[in-house]
Amino acid sequence: EPHEGLQGYLNAAPQGIDARYAWLQTGGTGANARLVDVEIGWNLSHEDVPNMFAVMGTSAAGAIWQSHGTSVLGILAARQNGLGVLGIARDAALGVSATDESDASIANAVNLASAAIGWGDIILVERQVGGPQGLLPLQSCGQVGQNGAAVLPAEFDIAAYAAITVAA
């Protein structure tokens, strides 16, 4: 059953990103672009997930990883098929590059993603890394890593930062 009506983030600001307006513009649905999602896992056989132009690495088997990754793929690129959600960039060619649960694997996944795409294409890094022990998370929105410290963007890891810089 369709759930597009529940996707408030497709609407204009301040509720959303105004994807509906973008869709009216040339290339606004992601046509002629490639997009690679870098994270731990997905369910690539889900009805809302399109066929992949590239699958790099092995998806984690854990339900929490697959649920999150599959949701991200749907938000990004779910096809207009009358089922589930509608992807922001639904006409983009979609690929995935898996990391494992270690911070060290992010750079490799970004490097693989970068090698699979070209100028103007997109890599979404859906990973975070643990910050130093003295860095406490914000009370309202902070996440806590294994060492009790705040969780930070992937670029905090120097290897991931280097890989992202080279990809850009």
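Begin by selecting glycine 134, which lies in the loop between β5 (128-130) and β6 (151-153). The structure on display is a predicted model. Glycine 134 has a relative accessibility of 73% and therefore counts as exposed, the threshold being over 50%. Next, add serine 102 to the selection: 32 residues separate serine 102 from glycine 134 in sequence, and their C-alpha atoms are 20 Å apart in space.

Now turn to the sheet. Select four strands, which form an open sheet in the order β2-β3-β1-β4 with parallel pairing. Its edges are β2 (52-56) and β4 (122-125); each has a single partner strand, so one side of each has no neighbour in the sheet. From one strand to the next, the twist averages 15 degrees.

The helix on this sheet is the next stop. Select α2, residues 63-77, which packs on the sheet and touches β1 (34-39), β2, β3 and β4. The direction of α2 makes about 160 degrees with that of β1.

Return to the edge strand β2 and display it with β3 (residues 93-98): the two run parallel and are joined by four bridges. To see one bridge pair, select methionine 52, whose partner in β3 is leucine 94.

Finally, remain in strand β3 and select serine 97. Is serine 97 buried or exposed? Its relative accessibility is 0%, so serine 97 counts as buried, the cut-off being under 20%. Leaving aside residues up to four places away in sequence, display the residues that serine 97 touches: Val36, Asp37, Val38, Glu39, Trp42, Met56, Ala109, Leu112 and Ala113.

Key:
Residues numbered from 1 in each chain as written. Predicted model: local features only at pLDDT ≥ 70, side-chain atom pairs only at ≥ 80, totals over all residues. Heavy atoms only, no water. Buried < 20%, exposed > 50% of the residue type's maximum accessible area, 1.4 Å probe, protein only. Pairing = 2+ DSSP bridges. Axes fitted to C-alpha atoms, helices over the stretch in contact; angles between N-to-C directions. Contact = heavy atoms within 4.5 Å.
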